Amino acid sequence: MTQQRLCILGATGSIGLNTLAVVREHPQRFRIDVLTACTNVEQMLALCTEFQPRQAIMVDDAAAQALQQQLSKHKAGAAIEVRSGMAALSDAAGSANNTTVMAAIVGGAGLAPTLAAVEAGKRVLLANKEALVMSGQLFMDAAQASGAQILPVDSEHNAIFQCLPHEAQQLGRCDLAAAGINKIILTGSGGPFRELPLAELAAQTPAAACAHPNWDMGQKISVDSATMMNKGLEYIEARWLFNCSAEQIEVVLHPQSVIHSMVSYADGSVLAQMGRPDMRTPIAHCLSFPERIDSGVAPLDFMALQNLTFAAAEAERYPCLELAIKACWQGQWATTALNAANEVAVAHFLDGRIAFTAIAEVCAAVLKQLETTYATQDVNSLAAVLSVDEQARASASEFIEKNYSC
């Protein structure tokens, strides 16, 4: 059996650690070539000594120096090359030393290394939804040009992928109608505030927003789940992955997170992918595709399941979702600006500088401000995307500084 050589971008995050949990169960199938992280030296040290990568990359220079010092004290770490900086991430993602890249860096920071892996024609396991949100057409065009294989790791997109017929699994080039598909249906739990009185939303704390009822995720993604911006970003991602029109995609609340998404066919059939809310399942599916391997996750016990319920997402409760759906069809500038503004707003919320409900207010204000400049322009290059991203971040910071007191 030929081993896959893996580069894991974002090894110390939730997706990275779950990926390594699957790898740990199949040492004969996978070899870790590169591990990357931002600042978590302690976690990286443990992962490096266990998995013995060829290279370890810390985005932060001081963290890289600390890791190098710690590894030098361990016989097992002496041969590991330690690098630092964002450029090193892209170098590793595009390196011929590895064949498969797990793109699990959260936020816009993951765009450049993920795109480098795509341009190198790699097998790219896509958990960084922002890469498509920020550069959808560019990203899919690059994959087609290089022959890169994109496999979706997000549980919702992975579920849809599994429910598609083989001929429609050509991501970015799917013809849903030709495959007899009417609609893809993204499910979302609704987050921790699904039943909270609307008047109480503004008072919610970062701790409350991060207390997701079903999934164990990082802080930023947990807040995005509470606002349902996460589902909005997934909507945008799905548009590019599955080549959808607005009429071919919808969002449905499913609080139990047992059905991860669905595909509705022209003959009246609806195929749903079901499973426990555990990211090891879609990760294992992508790592082994088209085969299947043990993920370490137990199958559903249908006798233990209670009711599976569904509902529409209220616009008043989830304005971020509405902003994302609108931005999806406004153009690349809008989705890039929305993602950037949201990252800034969420960071300020987590720091206690703005209220939970201000996240949507900041995003709406930035979109309105940048529309004047970009509504009639094509954002059709990476440089243009990064320019919009930078302007949106600056606009979001200025809006927060002007309108919200510390």
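Start by selecting helix α7, residues 155–163, which lies across β8, β10 and β11 and runs at about 40° to β10. The model is predicted, and every stop below refers to that model.

**Helix α7**

Colour α7 by burial: eight of its nine residues are buried. These are S155, E156, H157, N158, A159, I160, F161 and C163. To see what covers the buried residues, add β7, β8, α10 (229–241), β10, β11 and α11, which are among the elements involved.

**The sheet under the helix**

Next, show the open sheet of four strands, whose order is β9-β8-β10-β11 and whose pairing is mixed. Strands β9 (249–253) and β11 (270–274) are at the edges; each has a single partner strand, so one side of each lacks a neighbour in the sheet. From one strand to the next the twist averages 20°.

Zoom in on β8 (residues 181–188) and β10 (residues 259–265), which run antiparallel and are joined by five bridges. For a reference point in this pair, pick I185, which stands opposite M262 in β10.

Then move to the loop between β9 and β10 and select S257. S257 is not a glycine, yet its phi is positive, at about 55°. With 5% relative accessibility, S257 counts as buried.

**F242 and the nonpolar core**

Select F242 and display its surroundings. Leaving aside neighbours within four places in sequence, F242 is in contact with H157, I160, F161, L164, L171, C174, L176 and I184. Of these, H157, I160 and F161 are among the buried residues of α7 already visited.

Now widen the selection to the largest nonpolar core, which has 135 residues. Which of its residues touch the most other members? They are L67, M102, F139, I150, I184, F242 and I359. Helix α13 (residues 332–350) supplies the largest share of this core, with 10 residues.

**Cysteines**

A search of the whole structure for disulfides returns zero. C174, one of the contacts of F242, is in no disulfide, and the nearest cysteine sulfur, that of C244, is 7.7 Å away. C174 counts as buried at 2% relative accessibility.

Select C320 and C363 for a second check. The sulfur of C320 has its closest cysteine sulfur in C363, at 5.1 Å, which is too far for a bond. C320 is buried, and its relative accessible area is 2%.

**Helix α2 and its two ends**

Go to helix α2, residues 41–51, where the buried residues are V41, M44, L45, L47, C48 and F51. Add α1 (14–25), β2 (30–37), β3 (55–58) and α3 (61–72) to the view, since the buried residues of α2 pack against them.

At the N-terminal end of α2, select N40, which caps the helix: a side-chain oxygen of N40 lies 3.0 Å from the backbone nitrogen of Q43. Just after the helix is Q52, with a positive phi of about 50°. Q52 is in the loop between α2 and β3. Is Q52 buried or partly exposed? Its relative accessible area is 28%, so Q52 is partly exposed.

**The loop at A148**

Select A148, in the loop between α6 (130–146) and β7 (149–152). A148 counts as buried, at 13% relative accessibility. Not counting residues up to four places away in sequence, A148 touches V118, G121, K122 and A143. To relate this loop to another part of the chain, draw a C-alpha to C-alpha distance from A148 to H285: the two are 17 Å apart in space and 137 residues apart in sequence.

**Either side of α11**

Finish around α11. In the loop between β11 and α11 (280–288), select D278. D278 is buried, with a relative accessible area of 18%. The side chain of D278 makes a polar contact with that of R280, at 2.8 Å.

For the last stop, select P290, in the loop between α11 and α12 (319–330). Check omega between F289 and P290: the peptide bond is cis, with omega near 5°.

Methods: Residues numbered from 1 in each chain as written. Predicted model: local features only at pLDDT ≥ 70, side-chain atom pairs only at ≥ 80, totals over all residues. Heavy atoms only, no water. Core = buried A, V, L, I, M, F, W, Y, C linked by side-chain atoms within 4.5 Å. Buried < 20%, exposed > 50% of the residue type's maximum accessible area, 1.4 Å probe, protein only. Helix = DSSP H or I, 4+ residues; strand = E, 2+ residues; numbered from the N terminus. Contact = heavy atoms within 4.5 Å. Pairing = 2+ DSSP bridges. Axes fitted to C-alpha atoms, helices over the stretch in contact; angles between N-to-C directions. Disulfide = S-S within 2.5 Å. Polar contact = N/O pair within 3.5 Å; in protein donor to acceptor, adjacent residues only side chain to side chain.
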